[in-house]
Amino acid sequence: MIIILFGPPGCGKGTQASFIAKENSYAHLSTGDMLREAVKSKTETGLKAAKIMEEGKLVSDEIVISIIKDRIEKKDCEHGFILDGFPRTIAQAKELDNMLSNNNITVDLVINFSVNDEVLLNRIEGRFSCSGCGTGFNDETKMPREDGICDVCKGNNFIRRKDDNRETASKRLEAYNKETLPLLPYYKDKEVLFSIDGLSNIENVTKEIMSLIQK
Ligand code: ADP
Ligand code: ZN
């Protein structure tokens, strides 16, 4: 099964992707995470991508396509995978279809998180994660159960993404509206597009996604 989680920055697709992936033994492919990893290890790709990401712009199609191409060949993608943050342009979507058609497969499900822009900016500003295990938290909606301690791994070091400030987040929203939204009609035509209420609580969103997968 190949699932695309689709929606603007801060809509909750990362949170849902890691949960749904674990639950179904699918691989979780986040181009954002992969790019941040490349930036951290200062690879050639990372050096190219760092500034663009800090500006809230989209990294070139060429870079993200080559990252995804390598990644979907890995063994853990055999049972299926969840794409989180890819494709983000029509060119990326078309190239994904090309890659999959080589293996006679297609995208099964595109899940569109419907949300509103004000909520997104607040969510993005509030979010942080555990540096040990990556679990996401939020100042407003999901603080650790014990003050300063990660619920999952009990670590006590938390990080905030450099691009999670109001100014960069607005730029990311702009890029989404301009370059990524046109993908909706693309997938609607292929009859694989379903919308869910991204403003609902985390558990409800998970339930909605699971029921779409089981259909
Ligand atoms: P968000 O969805 O909250 O913006 P991501 O972690 O998905 O966060 O992406 C962070 C940044 O990484 C983006 O702002 C963009 O610069 C870059 N990026 C991630 N995926 C892609 C993609 N498919 N195409 C181009 N740039 C991407
Ligand atoms: Zn942790």
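How many salt bridges does the structure hold? In this predicted model, the structure holds 16 salt bridges. One of them is formed by E125 and R166, whose closest N and O atoms are 3.2 Å apart. E125 belongs to helix α6 (residues 117-126) and R166 to helix α7 (residues 166-180), so the pair ties together parts of the chain that are 41 residues apart in sequence. Side chains of opposite charge can pair when their charged atoms come close.

The strands were examined next. An open sheet is formed by five strands, arranged in the order β2-β3-β1-β4-β8 and paired in parallel. Its edges are occupied by β2 (27-30) and β8 (193-197), each of which pairs on one side only. On average, and with direction ignored, neighbouring strands of this sheet are turned by 20 degrees against each other. At one edge of the sheet, β2 runs parallel to strand β3 (residues 81-84), and four bridges join the two. Within this pairing, H28 has I82 in β3 as its bridge partner.

A second open sheet consists of three strands in the order β6-β5-β7, and here the pairing is antiparallel. Strands β6 (136-138) and β7 (158-159) form its edges, each pairing on one side only. Strand β5 (residues 127-130) is joined to β6 by three bridges, the two strands running antiparallel. The bridge partner of S129 in β6 is G136.

Ligand 1 is surrounded by 20 residues, of which T31, R36, K57, G85 and R172 are the closest. By residue class, this shell divides into eight charged, seven nonpolar and five polar members. Helix α2 (residues 31-40) makes the greatest contribution to the shell, giving four residues.

Polar contacts to the ligand involve both side-chain and backbone atoms of the protein. A polar side-chain atom of K13 is placed 3.1 Å from an oxygen atom of ligand 1. K57, which is among the closest residues of the shell, places a backbone N or O atom 2.5 Å from an oxygen atom of the ligand. For V59, a backbone N or O atom lies 3.0 Å from a nitrogen atom of ligand 1. On its own, ligand 1 has 550 Å² of accessible area, and the protein covers 97% of this.

Two features of the backbone geometry concern loops. Most residues other than glycine have a negative phi, and most peptide bonds are trans. The bond that joins F86 and P87, by contrast, is a cis peptide bond, with omega at about -5 degrees. P87 is found in the loop between β3 and α5 (90-101). The second feature is the phi of K42, which is near 55 degrees, a positive value in a residue other than glycine. K42 is located in the loop that lies between α2 and α3 (44-54). Helix α2, on one side of that loop, is also the element that gives the most residues to the shell around ligand 1.

Key. Residues numbered from 1 in each chain as written. Chains lettered and ligands numbered in written order. Predicted model: local features only at pLDDT ≥ 70, side-chain atom pairs only at ≥ 80, totals over all residues. Heavy atoms only, no water. Pairing = 2+ DSSP bridges. Axes fitted to C-alpha atoms, helices over the stretch in contact; angles between N-to-C directions. Near = heavy atom within 4 Å. Polar contact = N/O pair within 3.5 Å; in protein donor to acceptor, adjacent residues only side chain to side chain. Areas by Shrake-Rupley, 256 points an atom, 1.4 Å probe, with all protein chains shown as cover. Nonpolar A, V, L, I, M, F, W, Y, C, P; charged D, E, K, R; others polar. Salt bridge = Lys/Arg side-chain N within 4 Å of Asp/Glu carboxyl O.
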